[in-house]
There are 2 protein chains.
Amino acid sequence: MPGPPFSSLVDGLAAAVPFVPPEALERRTGKALRLRLGANESLFGPSPRALEAMQAALGRVACYGDPESTELRAAVASVHGVTAENVVVTSGIDDLLGLAVRAFVDPGVVAVTSLGAYPTFNFHVFGFGGLIERVPYRNDANDLQALSDLARRTNARVVYLANPDNPTGTWHSAVAVTKLVDSLPPRSVLLLDEAYIEYAPPGTAPAVDGDDPRVIRMRTFSKAHGMAGARIGYGIASPATVGAFDKIRHHFGVNRIAQAGALASLGDTEYVARLASLVAEGRSHYEAIGRKLGVATLPSATNFVTFDVGSKPMARAIVAALQDRGVFVRTPGAPPIDRCIRVTVGPASERAEFADVFGEIWAARGSLRLAP
Amino acid sequence: MPGPPFSSLVDGLAAAVPFVPPEALERRTGKALRLRLGANESLFGPSPRALEAMQAALGRVACYGDPESTELRAAVASVHGVTAENVVVTSGIDDLLGLAVRAFVDPGVVAVTSLGAYPTFNFHVFGFGGLIERVPYRNDANDLQALSDLARRTNARVVYLANPDNPTGTWHSAVAVTKLVDSLPPRSVLLLDEAYIEYAPPGTAPAVDGDDPRVIRMRTFSKAHGMAGARIGYGIASPATVGAFDKIRHHFGVNRIAQAGALASLGDTEYVARLASLVAEGRSHYEAIGRKLGVATLPSATNFVTFDVGSKPMARAIVAALQDRGVFVRTPGAPPIDRCIRVTVGPASERAEFADVFGEIWAARGSLRLAP
């Protein structure tokens, strides 16, 4: 019997997954993880109001959610000073990245990103037949000038920027991002991934302009809102772009419990502000741990801190040693930041536990077996 | 400023949504619906075990779900006598249809379906640049011979069949479906949507064969499992097809609360069996209502009954009159079944309420204003 008759695009794709999940690590090692610090989940949990709303929403789980997410879009619009026609609700930023790539990237079209940036963007570009062009990080941050230069040189259709950045944690000012937008070639779009924006200092997010077709803002309830498992996020874009997404999106893709939780969490600004301050405290703690051990840390405006352990083999060995001890962290995928390990900021007790394990491993680092 | 630089495919798509949701009706009329009988949700609710599992899962909503849905896939595999490599978990059958179309349909490729069948399939085919060829229903059921003939004549890559069917409720035997599969042209795939299979009599579902690349089985937790709002379903296909889906699917698209609920519900076979028997009772009730009013009903193996009110203008007028009275039902979108209204089977009290309202409208049907 012949094989399945795949489309030429899918047939030509290499097998690839964006991330190996911690569950797969647990299955591989047969050991449960005691500290889950590799996915930048909010280990402080969601807002109690969000949790309450989700509990209540379970009572109506037999009914489909509103495919237009009308209430949530109105609330998002009000928060950002735009209209509901500027807002699309998706099952997280991953879903939105897929939509945006599908909406803009014809096969053979160029997309620009940083080398080692969020791999799911690349996954979608390849998945729709686009070409990826990459710019190395510069001083462990996105090199905005080089991104702009490459976009103009390659006539890129989309440019991806996470600000604050993942996996470095570094960030640029709103002014610098706006300058990037203004410098892009005509007929290109910036996908501005602001998953971590709630952790960033004032002046990081450019003003939202619902009429600017050049920018798609991407927000999520997975990070500061503590609802990664619910899969919900949103995009802010021009009405024309939101209309294009409506032509292709999975209209019944968002869970109604997630919709209810997101709406409640969006209204609980106090919780998110308190959380951001707890995370800032945790970042300082991690920086202190780094100083004590003599391990440099990258500046971070996120809920993780990236520790510079000096080399890729050392980073990999430490990730493996941590994993052996039940601690899940990740190392960035490309140079020069693959010399680092990226560690989620959790509550104080989890940070202390991490400090102990990491401290012991670091002290004995001379005995780690380094792959070449 | 020029408009956004959409891909040629998306630029060429007409604006379209698969369904106008009941929430949009409520906003349009400014009135809350008292009976929601138009989306074939399980008005009996989910299994108490599923609800309990979902409540418990809320405690971990801050963490991403397992993108490989390992536990659930193992359970599904065990239920169907296949391996986990035969199973993909998606955010409902809609998501799976999108994946399947993307995996098989190159632009210009033909997909075959019945005229008036599930519109979301067509939405995805258009969305990926495919061409739709349609076969009219015959005796208010899918015309398997004509589907097969058309597939061979057009060298179709995919054929869509819902069995039991939506929106008619009718069904074919496993033997007839197997014969259809065997008659399809080489290098074509049957997307066998079995959303309503739990309500169907024995002998409706063909045996599952995990090695057959010609069929993709599609199942959901939205219907008999009562979890439409959770957005979760699964496909069973050859490992090669599941591998192709892995290259393109939204790996973090499924809510972890939904995963937990689905796993528990899959294990509660007693609940699903009891529910199917309650729904069968409800179908008989609807048939009795139809007989009393002199309105024919189509045979149904689903959780809805399709009432034949005689003509498309009458069906539309009755849907509108029901809506005026706060009752949401739908009428199929194409002849000859657009002479019908499709009504979800709910608990006895809701059926009685429907019977009253429908009875009054039917008695006064002479005064309804019929659009031409």
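Strand 12 of chain B is covered on both of its faces, with B:Cys340, B:Arg342 and B:Thr344 buried on one side and B:Ile341 and B:Val343 buried on the other. In this predicted model, the strand runs over residues 340-344, and five of its five residues are buried. Its partner is strand 10 of chain B, residues 304-308, which pairs with strand 12 in the antiparallel sense over five bridges; within this pairing, B:Val305 stands opposite B:Val343.

In chain A, helix 12 takes up residues 312-324, and because 13 residues at 1.5 Å a residue should span 18 Å, the distance of 18 Å between its end C-alpha atoms agrees with what is expected. The buried residues of this helix are A:Ala315, A:Ala317, A:Ile318, A:Ala321 and A:Leu322. They cover an arc of only 165° around the axis, and therefore lie on the same side of helix 12 of chain A. What covers them includes strand 11 (327-328), strand 12 (340-344) and helix 13 (348-363) of chain A. After the helix comes A:Gly326, whose phi is positive, near 85°.

The two chains also touch each other, in a contact that takes 78 residues from chain B and 78 residues from chain A. Several helices of chain B give two or more residues to its side of this contact, among them helix 1 (8-11), helix 5 (93-104) and helix 10 (256-267), while the largest share, seven residues, comes from helix 9 of chain B. The classes of residue on that side are set out below.

| Class, side of chain B that touches chain A | Number |
|---|---|
| Nonpolar | 39 residues |
| Polar | 22 residues |
| Charged | 17 residues |

Notes:
Residues are numbered from 1 along each chain as its sequence is written. Chains are lettered from A and ligands numbered from 1 in the order in which they are written. This is a predicted model: local features need pLDDT of at least 70, side-chain atom pairs count only at pLDDT 80 or more; totals for chains, interfaces and linings use all residues. Helices (H or I, at least four residues) and strands (E, at least two) are DSSP runs, numbered from the N terminus. The expected span of a helix is 1.5 Å times one less than its number of residues. A residue is buried if 20 or more other C-beta atoms lie within 10 Å of its own, exposed if 12 or fewer, and partly exposed in between; C-beta atoms are placed from the backbone. The arc is that of the directions from the helix axis to the C-beta atoms. Two residues are in contact if their C-beta atoms, placed from the backbone, lie within 7 Å. Ala, Val, Leu, Ile, Met, Phe, Trp, Tyr, Cys and Pro count as nonpolar, Asp, Glu, Lys and Arg as charged, and the others, Gly among them, as polar. Two strands pair if DSSP finds at least two bridges between them.
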